[in-house]
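Please look over the sequence and the model shown here. The paragraphs after it begin with one set of contacts and work outward.

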Amino acid sequence: MQPSGYGRTIPDRLDATFAALADPTRRAILARLATGEASVMELAAPFDMTQPAVSKHLKVLERAGLISRGRDAQRRPRRLEPKPLAEATGWLEAYRRLWEGNFGRLDAVLAELKAAKKPGRSKR
Amino acid sequence: MKSSGALKVTAQSDREIVMTRVFDAPRNLVFDAYTKPELLKRWLGVFGDRTMPICEVDLRVGGKYRWVWRGADGKEMGVRGVYREVVRPERLVNTEKFDEAWYPGESLITATFVEQGGKTTLTVTMRYESKEARDAVIKSPMESGVAKSYDNLAELLASGEIQRGART
């Protein structure tokens with residue numbers, strides 16, 4: 001069922017989001033921004049990367065609508081735009097929960113198989 | 001509630017979904033649970049009132065499988081496919097096609113079982129025919145709208161491969 005209100009724009013947005021999220025540096029940048037806005041220099045600091053390289057990642061994130069620029073003209077801080085990310089992770093999260101249920105039951109089956117294999121419990 | 005390992009799900013490339021999960025059991029057991037009908041029936045897709053009355057597995061290259069689930073209301077859901085690679089207990093490749101096509105085309109599922117220290121890492125890669133099909137699969141369990149929690153989001157981002165992300 002399609003969540004109401006977003007119409008047909010979701011699949012395209014979702015695709016751009018996933019493409020942007022495919023890179024570990026970009027995910028780390030987003031994780032940093034989840035704690036508050038930051039300038040390009042601040043974002044570059046924890047990475048062994050030049051500012052232009054970080055700027056390139058920021059452009060991809062910006063194009064995907066995942067981040068935006070703050071008002072401070074001097075610092076141009078980047079900030080997280082949670083909505084597209086929430087859409088993507090929301091879908092993935094629901095999918096994950098479905099499989100978590102399956103694998104939780106599989107854990108129980110495996111525990112039983114393991115117990116049955118223990119020499120102490122074996123009839124042989 | 002987390003048991004032996006957290007399940008990681010990622011949308012890899014534009015046609016794939018990858019799931020990774022660690023199980024506290026040697027891989028021959030995980031492989032068995034993954035391929036033997038009497039064991040599959042106990043965990044795969046059987047929640048609430050849903051059972052798996054049909055679970056046929058012909059575990060060899062070119063062999064077919066047929067699984068049907070039935071809900072309390074009598075409604076059935078079926079899937080079938082062919083095994084493309086069977087390397088016990090480390091690798092399994094099969095096709096997947098649901099009777100009611102809720103995603104277009106057929107998908108290719110690759111499962112690898114890697115054992116270390118008595119634990120098994122299961123990695124399942126689902127490759128769809130198109131990104132539209134992949135997106136349909138990701139969206140399928142969504143029935144109550146989009147998850148909006150910002151905290152949840154930060155947690156998700158900070159987990160998994162993200163080492164440097166600060167947790168909030």
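L106(A) touches F23(B), A33(B) and W43(B), leaving aside residues up to four places away in sequence; two residues are in contact if their C-beta atoms, placed from the backbone, lie within 7 Å. This is a predicted model, in which local features need pLDDT of at least 70 and side-chain atom pairs count only at pLDDT 80 or more, while totals for chains, interfaces and linings use all residues. Residues are numbered from 1 along each chain as its sequence is written, and chains are lettered from A and ligands numbered from 1 in the order in which they are written.

L106(A) also belongs to the residues with the most contacts inside the largest nonpolar core, together with L30(A), L61(A), L66(A), L110(A), V30(B) and A33(B); this core has 44 residues. A nonpolar core is a set of buried Ala, Val, Leu, Ile, Met, Phe, Trp, Tyr and Cys residues joined through C-beta atoms within 7 Å. A residue is buried if 20 or more other C-beta atoms lie within 10 Å of its own, exposed if 12 or fewer, and partly exposed in between, again with C-beta atoms placed from the backbone. Helix 5 (residues 82-117) of chain A supplies the largest share of the core, 8 residues. Helices (H or I, at least four residues) and strands (E, at least two) are DSSP runs, numbered from the N terminus.

L30(A) leads to helix 2 of chain A, where R26(A), R27(A), A28(A), I29(A), L30(A), A31(A), R32(A) and L33(A) are buried. Because 8 of the 10 residues of helix 2 (residues 24-33) of chain A are buried, the helix is largely enclosed by the rest of the structure. Helix 2 of chain A packs against helix 4 (residues 51-63) of chain A at an angle of about 75°, with the axes 10 Å apart. Helix 2 of chain A is therefore roughly perpendicular to helix 4 of chain A, a label given to angles of 65 to 115 degrees, with those under 35 counted as roughly parallel, over 145 as roughly antiparallel and the rest as oblique. Axes are lines fitted to C-alpha atoms, for helices over the stretch in contact, and angles run from 0 to 180 degrees between N-to-C directions. In this contact, T25(A), R26(A), I29(A) and L30(A) of helix 2 of chain A meet H57(A), V60(A) and L61(A) of helix 4 of chain A.

Turning to chain B, its secondary structure comes to 4 helices and 8 strands. From the N terminus the elements follow the order β-β-α-α-β-β-β-β-β-β-α-α. Of the 168 residues of chain B, 24% count as buried.

The 8 strands of chain B form an open sheet in the order 1-2-8-7-6-5-4-3, with antiparallel pairing; two strands pair if DSSP finds at least two bridges between them. Strand 1 (8-12) and strand 3 (51-57) of chain B stand at the edges with a single partner strand each, so one side of each has no neighbour in the sheet. From one strand to the next the twist averages 20°. Helix 1 (residues 27-35) of chain B packs on the sheet and touches strand 2 (16-23), strand 3, strand 6, strand 7 and strand 8 (119-127) of chain B; its direction makes about 155° with that of strand 7 of chain B.

At one edge, strand 3 of chain B pairs with strand 4 (residues 64-70) of chain B over 5 bridges, in the antiparallel sense. Here V57(B) has Y65(B) as its bridge partner, and C55(B) stands opposite W67(B). The hairpin of these two strands has 6 residues between them, and G62(B) takes a positive phi near 90°. Along strand 4 of chain B the side chains alternate: Y65(B), W67(B) and W69(B) point to one face and are buried, whereas K64(B), R66(B), V68(B) and R70(B) point to the other and are not.

On its other side, strand 4 of chain B pairs with strand 5 of chain B over 7 antiparallel bridges, with Y65(B) opposite G81(B). These strands form a hairpin with 5 residues between them, where G74(B) in the turn has a positive phi of about 85°. P89(B) lies in the loop between strand 5 (76-87) and strand 6 (91-98) of chain B, and the peptide bond from R88(B) to P89(B) is cis, with omega near -5°. Most residues other than glycine have a negative phi, and most peptide bonds are trans.
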